[in-house]
Amino acid sequence: STDTKEGAATIRMTTQTQTTVESLYTVTTKTSALPNSGSGMILSSFKIEGTKGTLIVDASSKIGKFVAGKEQKFQFKGMDVGSIKCIEVTAGNSDAWRYEWISVANPNSHETLRFDNPQSASTNQYLSTDRKEGPTKIEMCKCTKLLE
C-alpha cells in the first residue's frame, strides 16, 4: 500500500545464493611390482568422503591402465569435500589390479592422505570384478589413534 498507515510502501527482497567451491584432486596410485600386478583395468568410480560432503566421480575415463611397479597420477575437478575421511574405489572392467597404495590430495584442505593396501604385499589380493581374484569395491578410511 502507498498509505503508510496500512503498511510499508517499499518491500526490499534479497536472495541468497550458495556457491559451490571446487577443488582439483590429484589421485596417485602405486601398482605392486609383483608379477601380474599391472592391469588394463579402468576404475568405474572413485568416491571421496570428507567433512563437508561426499564426491562420487565417474572414473571410467580418468583413472586406469596401471603399470606394474609404477606410480601414476590422475586429476579431476569436483566439489570441495573438506578434510578427507574415506575413499572408495570400484573396479570397472574384467581385468584385475594389485595396488600397493593410493593417495588423494585436496589442495583446498592442504592435505594428502595415503591409503596402503590392507593385504600383505606377498598375497594374491587384487581389486577385480572377478570375486575369485579379490573384492570389486574397497573402502579405506583414515583413523584416529587414541593414546593414553
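Buried means under 20% relative accessible area, exposed means over 50%, and partly exposed lies in between, with a 1.4 Å probe and protein chains only. The model is predicted, so local features need pLDDT of at least 70 and side-chain atom pairs count only at pLDDT 80 or more, while totals for chains, interfaces and linings use all residues. Residues are numbered from 1 along each chain as its sequence is written, and side-chain values use heavy atoms, with hydrogens and water left out.

**Exercise 1.** Determine which residues are linked with Glu88 in a network of salt bridges.

*Solution.* Begin with the term: a salt bridge is a side-chain nitrogen of Lys or Arg within 4 Å of a carboxyl oxygen of Asp or Glu. Glutamate 88 pairs in this way with lysine 47, their closest N and O atoms lying 3.9 Å apart. Because glutamate 88 belongs to strand β6 (residues 84–91) and lysine 47 to strand β2 (residues 39–50), the pair ties together parts 41 residues apart in sequence; strands are DSSP runs (E, at least two residues), numbered from the N terminus. Glutamate 88 also meets lysine 137 in a salt bridge, at 3.9 Å from N to O. The network therefore links Lys47, Glu88 and Lys137.

**Exercise 2.** Classify glutamate 88, lysine 47 and lysine 137 as buried, partly exposed or exposed.

*Solution.* Glutamate 88 has a relative accessible area of 15% and is buried. Lysine 47, at 21%, is partly exposed, and lysine 137, at 49%, is partly exposed.

Notes. Helix = DSSP H or I, 4+ residues; strand = E, 2+ residues; numbered from the N terminus.
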